[in-house]
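Grab a pencil and your favourite viewer. Below is a short set of exercises, each with a worked solution.

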Amino acid sequence: MSVAVNFSVEMPRLAVSMLERVRKQTPRVHCLMNTVAQKLVADGLSALGAIPSMTSSSDEVQDFARKADALVVNLGTLDKQRREAIGLAVDIATARGIPWLLDPAHCDYSLLRARFAQDLLKRQPAVLRANAAEYALLTVPEHLVAVETGVVDRISFAGRTVSVANGDPLIAKVTGTGCLSGAVIAAFLAVDDDPHMATAAAMLALGVAAEKAALRASGPGSFEPALLDALAALEGGEILERAKVT
Amino acid sequence: MSVAVNFSVEMPRLAVSMLERVRKQTPRVHCLMNTVAQKLVADGLSALGAIPSMTSSSDEVQDFARKADALVVNLGTLDKQRREAIGLAVDIATARGIPWLLDPAHCDYSLLRARFAQDLLKRQPAVLRANAAEYALLTVPEHLVAVETGVVDRISFAGRTVSVANGDPLIAKVTGTGCLSGAVIAAFLAVDDDPHMATAAAMLALGVAAEKAALRASGPGSFEPALLDALAALEGGEILERAKVT
Amino acid sequence: MSVAVNFSVEMPRLAVSMLERVRKQTPRVHCLMNTVAQKLVADGLSALGAIPSMTSSSDEVQDFARKADALVVNLGTLDKQRREAIGLAVDIATARGIPWLLDPAHCDYSLLRARFAQDLLKRQPAVLRANAAEYALLTVPEHLVAVETGVVDRISFAGRTVSVANGDPLIAKVTGTGCLSGAVIAAFLAVDDDPHMATAAAMLALGVAAEKAALRASGPGSFEPALLDALAALEGGEILERAKVT
């Protein structure tokens with residue numbers, strides 16, 4: 001429970017602790033990930049210290065989900081095979097009690113995808129990560145952490161909201177960074193029992209890494225490798241110094 | 001009509017104006033794009049100021065095509081599902097009157113792909129983008145803009161040809177830059193009614209960005225992020241200064 | 001035959017000669033490659049001087065395999081369609097007598113994949129590239145070159161083992177570099193009749209490129225473009241100076 005936490009002071013400390021645990025425990029994060037962002041998400045998880053996998057065929061996904069410590073279900077580049085694989089992977093996650101995150105990417109473009117996202121929400125993901133346009137289409141159940149990404153990220157659970165104002169506008173110019181944030185959250189979920197705090201900590205860590213990357217970048221192209229470098233080199237002290245959490 | 005245009009003087013000015021319109025109007029470009037180049041093409045479109053999407057399943061592609069301002073049909077990594085999705089997306093583009101571009105990537109490797117490309121040419125794309133080996137296999141109908149890429153890009157329509165000699169040899173060493181040029185053309189088609197000038201303007205803008213990127217690059221690896229940075233930072237004055245258009 | 005070779009002296013010279021031949025002959029390497037690593041592998045092959053292709057649908061893969069000088073079969077992101085395409089591509093490679101390499105990526109995660117890898121080993125690949133966990137699951141036939149990647153890469157054939165100690169720890173933090181090593185090996189197989197020496201030469205060339213890249217990199221993100229730059233710029237003298245071969 002996070003009831004007694006003073007967010008602006010305690011959250012950054014929790015984030016530092018969780019980042020250390022990710023690096024020490026190297027959780028396996030299996031990603032049902034759109035084909036566009038697979039490489040960036042895998043590289044981002046590796047840079048952070050986690051172990052990614054990306055297989056999304058229905059005849060193998062269960063074996064991968066059985067080895068995973070957390071699951072990311074991203075609905076980008078969805079098709080029939082991927083929907084089937086997602087169902088099977090969520091079955092395993094539920095049976096094994098590992099946390100999973102839903103990112104209904106671009107469900108505002110496709111009615112079929114919005115319906116599939118709504119069905120998945122009934123299956124109790126630990127976290128829903130979406131933007132305002134996607135939230136507008138979904139009925140969000142209680143008992144999950146809802147992340148609304150934007151200039152300020154808002155992470156809500158049971159009526160309480162943590163706001164993280166870290167980050168840099170360049171992150172929105174690089175395809176797949178939103179998908180990566182879902183995977184970073186999953187890695188933090190794998191090492192902590194409080195999904196609300198783990199989610200906020202992940203968004204904070206990624207936001208601080210983005211700020212460091214922006215210092216070195218000359219545009220969106222050079223920002224991407226700089227972000228991976230920053231994730232790999234991220235230090236606890238930088239999180240404490242830069243955190244803008246309320 | 002572009003009949004009265006003095007290409008070498010007017011084309012660069014048109015390109016500057018269209019680039020400004022792309023950044024202001026942020027057209028949505030839906031890409032039926034091979035899986036290899038999806039990320040680079042999405043990042044390139046974002047850097048330019050357009051909004052990319054990449055879904056290529058037959059049960060969702062129509063919804064994405066309905067929201068698009070232009071369509072790119074790239075035949076790389078083609079399979080049955082992708083062929084079906086392409087047919088559906090072109091139906092929507094035709095019904096809605098939005099421009100679309102055909103890139104018959106590697107159709108010189110596969111007879112099936114060359115035949116599919118030939119069938120698609122009957123469906124009136126605004127632009128065909130191909131290399132010499134691909135053109136050799138295709139019967140190109142009138143009433144479309146034909147781009148032949150090479151050291152000098154030749155953009156032909158109704159018996160008139162614009163040649164753009166901008167660019168850098170490094171661009172050919174990075175997988176997906178040809179695919180990206182098709183997407184940049186589509187973004188320009190979305191903001192201008194003259195497909196011949198829009199196509200030439202897009203090739204000019206990308207060529208100038210490539211020259212800027214080459215100044216910073218140490219090889220093909222560093223060229224790619226530099227190209228994205230250059231697209232994002234491209235200024236009208238640079239286009240006017242560097243243009244080699246005849 | 002490599003019987004009379006003094007590995008530590010002759011191997012680097014052979015590697016230099018083969019690298020020159022790759023650049024001169026520009027072999028076509030067709031890759032049945034997982035969707036995550038396709039772009040990096042294609043860029044790596046281009047940087048090296050080879051010509052990549054990536055199509056993996058069952059109705060086109062044969063045409064691509066017919067044009068190829070070597071084949072890479074990587075089992076990442078495997079599905080039914082990809083298994084079928086792999087079978088067809090190996091048929092062509094066998095019929096045409098071109099070398100092919102098997103990379104049973106992550107077969108330790110999936111029993112189905114391990115079985116499929118075992119079946120493929122009966123079809124006489126020239127090279128098997130795997131890590132220790134993957135080798136533990138496979139019965140490796142004689143008459144193939146077995147590469148075990150790790151801090152030191154061991155390349156074995158007919159009871160003799162070449163060890164290559166070049167490389168940098170950053171390479172393991174970038175997704176797809178293992179897959180790329182398989183493709184680099186295939187490019188070397190295409191220009192030399194001795195698969196044992198060609199495989200060791202490829203691992204040496206890539207290892208030296210990784211060392212050069214690490215000198216410029218600030219982390220895994222900047223390492224990747226630096227690796228591609230280093231592959232494109234790799235000089236024979238650097239291979240001879242840096243080689244750690246026994």
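Helices (H or I, at least four residues) and strands (E, at least two) are DSSP runs, numbered from the N terminus. Before you start, note that this is a predicted model: local features need pLDDT of at least 70, side-chain atom pairs count only at pLDDT 80 or more, and totals for chains, interfaces and linings use all residues. Residues are numbered from 1 along each chain as its sequence is written, chains are lettered from A and ligands numbered from 1 in the order in which they are written, and side-chain values use heavy atoms, with hydrogens and water left out.

**Exercise 1. Place Phe188(A): find its helix, say whether it is buried or exposed, and list its contacts beyond the local sequence.**

Step 1. Find the element: Phe188(A) sits in helix H7 of chain A, residues 177–189.

Step 2. Check accessibility. Buried means under 20% relative accessible area, exposed over 50%, and partly exposed in between (1.4 Å probe, protein chains only). Phe188(A) comes out at 0%, so it counts as buried.

Step 3. Look for contacts, meaning heavy atoms within 4.5 Å. Skip the neighbours within four places in sequence, and Phe188(A) touches Ala15(A), Met18(A), Leu19(A), Val22(A), Leu48(A), Ala198(A), Ala201(A), Ala202(A) and Ala205(A).

Step 4. Add a distance check: Pro125(A) is 63 residues from Phe188(A) in sequence, and their C-alpha atoms are 15 Å apart.

**Exercise 2. Work out the strand order of the open sheet in chain B and say which strands stand at its edges.**

Step 1. Decide what pairs: two strands pair if DSSP finds at least two bridges between them.

Step 2. Read off the order. The eight strands of this open sheet in chain B run E2-E1-E3-E4-E5-E6-E7-E8, with mixed pairing.

Step 3. Find the edges. In chain B, E2 (51–53) and E8 (160–164) each have a single partner strand, so one side of each has no neighbour in the sheet.

Step 4. Check the twist: ignoring direction, neighbouring strands are turned by 20° against each other on average. Axes here are lines fitted to C-alpha atoms, for helices over the stretch in contact, and angles run from 0 to 180 degrees between N-to-C directions.

Step 5. Zoom in on one pair. E1 of chain B (residues 28–32) joins E2(B) in the parallel sense over three bridges, and Arg28(B) has Ile51(B) as its bridge partner in E2(B).

Step 6. Look across the sheet: helix H5 of chain B (residues 111–121) lies over E3 (70–74), E4 (100–103) and E5 (127–130) of that chain, at about 155° to E4(B).

**Exercise 3. Trace the hairpins of E6(C), E7(C) and E8(C) and find the positive phi.**

Step 1. Start with E6 (residues 145–148) and E7 (residues 153–157) of chain C, which pair in the antiparallel sense over three bridges. Val147(C) faces Ile155(C) in E7(C), and the hairpin has four residues between its strands.

Step 2. Move on to E7(C) and E8 of chain C (residues 160–164), an antiparallel pair with five bridges. Here Ile155(C) is opposite Val162(C) in E8(C).

Step 3. Check the turn. Two residues separate E7(C) from E8(C), and Ala158(C) has a positive phi near 50°. Most residues other than glycine have a negative phi.

Step 4. Try the other chains. Phi is also near 50° for Ala158(A) and for Ala158(B). Ala158(A) is in the loop between E7 and E8 of chain A and is exposed at 69%; Ala158(B) is in the loop between E7 and E8 of chain B and is exposed at 67%.

**Exercise 4. Count the disulfides, then follow up on Cys31(A) and Cys179(B).**

Step 1. Apply the cut-off: a disulfide is a pair of cysteine sulfur atoms within 2.5 Å. The whole structure has zero.

Step 2. Take Cys31(A): the nearest cysteine sulfur belongs to Cys179(A), 10.0 Å away. Cys31(A) is buried at 0%.

Step 3. Take Cys179(B): its sulfur is 10 Å from that of Cys31(B), the closest one, so that is too far for a bond. Cys179(B) is buried too, at 13%.
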